[in-house]
Amino acid sequence: MARVASVLELIGSTPIVDVSALSPSPNVAILAKLEGRNPAGSIKDRVALSLVEAAEAEGRLVPGRAGQVLIEPSSGNTGIALAMVCRLRGYHLKVVLPANVSPERRQLLVAWGAEIIESPGAEGSNGAVRRAQALAAEHPDWVFLYQYANPANPRAHYTTTGPEILADVPEVTHFVAGLGTSGTLMGVGRYLKEHRPGVQVWAVEPPSGEVVDGLRSLDDGYVPPVFTDNGGADLLDRKVIVRLRESVEWTRRLTEVGLFTGLSSGAIMAGAVKCARSLGDEPATIVTVVCDDGWKYLSTGAWSDDVDDVVERARTTIYF
Amino acid sequence: MAAVLRVPTVLRPAMGNNSVLEVEGSTIGEVLTRLTEAYPGARAQLLGEDGALHRFLNVYVNDDDVRYLGGLDAPVSDHDEITLLPAVAGGFL
């Protein structure tokens, strides 16, 4: 694809690269899908376009009509991707963003014309979701796409990411991805299991649960409707937690195969390696995801500073 | 001999303000039952009324979510590390 009419046509069709040099087993191949190649820089470009197109198809948004406002909670990539899509479509986007995200994310949102509404950093993404829900209820004229519950989120992966993976890696035996809204895992997982029933789907839980201390009680917890609506507990085969230190270490290890990635991709790679270890000598092909590139995370010092210092800072800044 | 249990901030007030506890039991169910005996105030935060895991509580044995390892029947061995974490809207967003 050499010439396109709109940057939106560049979303998806990302390459997959063999990173088996990082595999702990000679019989287990690991392949990483490079979602940082999307035009706004992350896997969330697929979701943002899908959410907006679904709202347009339903008539909730009309391209070109003046005064249309969207609101969405995001710790970064969904907001950035939506900001780019909204800029092209002429919608005004308000992003509820935890106060303690890395400064590059804030700047990218501003670059594409989004308005930032801060939520308390100590409450993490949980707090951003609550604030967005409250604001959406106060302003029924605002369009709340709500990536956590919108079927257009997993559908983006069911219709694009999943088929791309199967076309490029027909021998896939395991899919390992991060658990946020669960859109990637539900969409890709369901597509792969329908076409390759033996495929195992592993979720990597980011270390944010260790960091978020703003809960008053466990009853303030949250499971995304996308997860429950898609039978997530039955769809997943395993779920592993990855620690902050492992995430930073594997983000660095990925540079050994030439990949400069965000920290969440380091966490997911750590999960893929755990998956590979669990297989022992069994031959397998793991497909995993690099969600975004490292540019937005340079201010974290993740590649240059002492690992202990990076881990300590990550306890107060949202890196995932 | 025992396993080590890591308590998240939100559960510490109900569990003697401990961040780390030594726990006994051969399954997660046994471990949680003994915890609720030692800390009755934590029961509603650990288990639902139906006796299953609280829907917003994730329990990991050596970083593996027990919901995919047999739930309350998931085995626990000496020196295992059990981590309790609240289910929250997390990263990757």
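Leaving aside its neighbours within four places in sequence, which residues is A:Thr317 in contact with? The tour of this predicted model begins with that selection.

**First stop: A:Thr317**

Select A:Thr317, which lies in the segment after α12 (307-314) of chain A. Beyond the neighbours within four places in sequence, A:Thr317 is in contact with A:Asn100, A:Val101 and A:Ser102. Add A:Val101 to the selection: 216 residues separate A:Val101 from A:Thr317 in sequence, yet their C-alpha atoms are 5.7 Å apart in space. With a relative accessible area of 22%, A:Thr317 is partly exposed. That class applies because the value falls between the limit for buried, under 20%, and the limit for exposed, over 50%.

**Second stop: helix α3 of chain A**

Next, select residues 103-111, which make up helix α3 of chain A. Which residues of this helix are buried? They are A:Glu104, A:Arg105 and A:Leu109. Around the axis they cover an arc of only 140°, so they lie on the same side of α3(A). In general, an α-helix has 3.6 residues a turn, so residues three or four places apart point the same way.

Turn the view to the other side of α3(A), where A:Gln107, A:Val110 and A:Ala111 are exposed. Then return to the buried residues and display what covers them: the cover includes α2, β4 (92-98) and β5 (115-119) of chain A. Just after α3(A), select A:Gly113, which takes a positive phi of about 85°.

**Third stop: helix α2 and a surface patch**

Helix α2 of chain A spans residues 77-89, and A:Leu88 has its place there. A:Leu88 counts as partly exposed, because its relative accessibility is 49%. Select A:Val4, A:Val7 and A:Leu10 along with A:Leu88: these residues form a nonpolar patch on the surface. Together they have about 280 Å² of accessible area.

**Fourth stop: the cysteines**

How many disulfides does the structure hold over all chains? The count is zero. Select A:Cys291, which is in no disulfide; the nearest cysteine sulfur belongs to A:Cys275 and is 16 Å away. A disulfide would require the two sulfur atoms to be within 2.5 Å, so a pair at 16 Å does not qualify. A:Cys291 counts as buried because its relative accessibility is 9%. Another cysteine to select is A:Cys86, which also counts as buried, at 1% relative accessibility.

**Fifth stop: salt bridges**

Over all chains, the structure holds 23 salt bridges. Begin with A:Glu58 and A:Arg60, whose side chains meet in one of them, at 3.9 Å from N to O. A:Glu58 counts as exposed, at 56% relative accessibility, whereas A:Arg60 counts as partly exposed, at 37%.

Move to A:Glu256 and A:Arg253, where the side chains meet in a salt bridge at 2.7 Å, N to O. Here A:Glu256 counts as exposed, with 53% relative accessibility, while A:Arg253 is partly exposed, with a relative accessible area of 31%.

Now select A:Asp292 and A:Lys296. Are these two partners buried or exposed? A:Asp292 is buried, with a relative accessible area of 0%, and A:Lys296 is buried as well, at 7%. Their salt bridge has its closest N and O atoms 3.2 Å apart. Elsewhere in the selection list, A:Lys33, A:Glu35, A:Arg46 and A:Glu164 are joined into one network by salt bridges that share partners.

**Sixth stop: A:Pro206**

Select A:Pro206, in the loop between β8 (200-205) and α7 (208-211) of chain A. A:Pro206 counts as buried because its relative accessibility is 1%. Add A:Ala276 for a distance reading: the two residues are 70 places apart in sequence and 18 Å apart in space, C-alpha to C-alpha.

**Last stop: two loops of chain B**

Switch to chain B and select B:Asn17, found in the loop between β1 (3-6) and β2 (20-23). The phi of B:Asn17 is near 60°, a positive value in a residue other than glycine. B:Asn17 is exposed, with a relative accessible area of 60%.

Finally, select B:His79, in the loop between β4 (64-65) and β5 (81-86) of chain B. B:His79 has a positive phi near 75° and is a residue other than glycine. With a relative accessible area of 61%, B:His79 is exposed.

Notes. Residues numbered from 1 in each chain as written. Chains lettered and ligands numbered in written order. Predicted model: local features only at pLDDT ≥ 70, side-chain atom pairs only at ≥ 80, totals over all residues. Heavy atoms only, no water. Buried < 20%, exposed > 50% of the residue type's maximum accessible area, 1.4 Å probe, protein only. Patch = residues over 30% accessible without salt bridge, like charges linked within 9 Å, V, L, I, M, F, W, Y side chains within 5 Å. Areas by Shrake-Rupley, 256 points an atom, 1.4 Å probe, with all protein chains shown as cover. Salt bridge = Lys/Arg side-chain N within 4 Å of Asp/Glu carboxyl O. Helix = DSSP H or I, 4+ residues; strand = E, 2+ residues; numbered from the N terminus. Arc of directions from axis to C-beta. Contact = heavy atoms within 4.5 Å.
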